[in-house]
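Got the viewer open? Let's take a walk through this one, one selection at a time.

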Amino acid sequence: MKKAAFAFVALPLLCMGAGYGAGLALAPAPAEAAGTEIDENTPHGADEAAKDAAHTPEEDAHGEASAKDEAQAPMDSYELAKDRTVVRLGQMTIPVEKTNSVSYIVADFALKMGTLELAERYRRVEDATRMRDSLLQAMNLAAESAVLRGVAIDSEALSRLLRDLISKEHKGVDDVMFVSLYKQDVARL
């Protein structure tokens, strides 16, 4: 009876402890995982591996962007908060369906308005909701165009396209800005 209790209680606990210990031993150091500073005490091959992990090239040898996933550097929130004509609308996720994959575009939007009065108007919940709806419609139209179907996203071209589509309904939009813009391709099964 004691052997059965040992088998059902102690062995699973022992295996969990061994797995936890192995995870701690095999996990990379925080500096290597973050791709930041590497000191001289790291093993010989680890500094090249950390540099390779930290170096995510925007373009490959043929000048095309990486197809796996890409991210645009986020804008400084402090700088956006200082400009009172900028209205933050929040984050949206837009799927772009392709033949062999689905690309998910996650964008955090901000609008540069022409005047302070317009900015204050679009900060109200009712008008901000209407603007978000228009922006979502414009992003769905952009998902059908070549702007979002390519390997890389041209954020300037997308911003111009969205500004042109939104300004048909809402006057006074000077610029559509991306606080953050991410793209992730997921293969279809």
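What covers the buried residues of α6? Keep that in mind while you get your bearings, and remember that you're looking at a predicted model.

**Stop 1: the whole chain.** Colour by secondary structure and you'll have seven helices and four strands on screen. Starting at the N terminus, the order is α-α-α-β-α-β-β-α-α-α-β. Now switch on the surface: the chain exposes about 12500 Å² of accessible area, and carbon and sulfur atoms own 58% of that. Of the 189 residues, 28% are buried. If you like contact maps, take those contacts with a separation of 6 or more: 67% of them link residues 24 or more positions apart.

**Stop 2: helix α6.** Select residues 125-144, which is helix α6 with its 20 residues. Run a distance from the first C-alpha to the last and you get 29 Å, close to the 28 Å expected at 1.5 Å a residue. Next, show side chains for the buried residues of this helix: Asp127, Ala128, Met131, Ser134, Leu135, Ala138, Met139, Ala142 and Ala143.

Back to the opening question. Add β2 (86-97), β3 (101-113), α5 (116-123), α7 (155-166) and β4 (173-187) to your selection; the cover over the buried residues of α6 includes these elements.

**Stop 3: serine 159.** Move over to helix α7 and pick serine 159. Is this residue buried or exposed? Serine 159 counts as buried, because its relative accessibility is 7%, and the cut-off for buried is under 20%. Which side chain does the side chain of serine 159 meet in a polar contact? Aspartate 175, at 3.1 Å. Show Val176 and Phe178 as well: leaving aside neighbours within four places in sequence, serine 159 is in contact with both of them and with Asp175.

**Stop 4: histidine 170.** Follow the chain into the loop between α7 and β4, where you'll find histidine 170. Although histidine 170 sits in a loop, it counts as buried because its relative accessibility is 9%. Its side chain makes a polar contact with the side chain of tyrosine 122, at 3.3 Å.

For the last selection, bring up what else histidine 170 touches: not counting residues up to four places away in sequence, the list is Tyr122, Arg130, Met131 and Ser134. Two of those names should ring a bell from Stop 2: Met131 and Ser134 are among the buried residues of α6. Leave them on screen with histidine 170, which touches them both, and you've finished the tour.

Key:
Residues numbered from 1 in each chain as written. Predicted model: local features only at pLDDT ≥ 70, side-chain atom pairs only at ≥ 80, totals over all residues. Heavy atoms only, no water. Helix = DSSP H or I, 4+ residues; strand = E, 2+ residues; numbered from the N terminus. Buried < 20%, exposed > 50% of the residue type's maximum accessible area, 1.4 Å probe, protein only. Contact = heavy atoms within 4.5 Å. Areas by Shrake-Rupley, 256 points an atom, 1.4 Å probe, with all protein chains shown as cover. Expected span 1.5 Å × (residues − 1). Polar contact = N/O pair within 3.5 Å; in protein donor to acceptor, adjacent residues only side chain to side chain.
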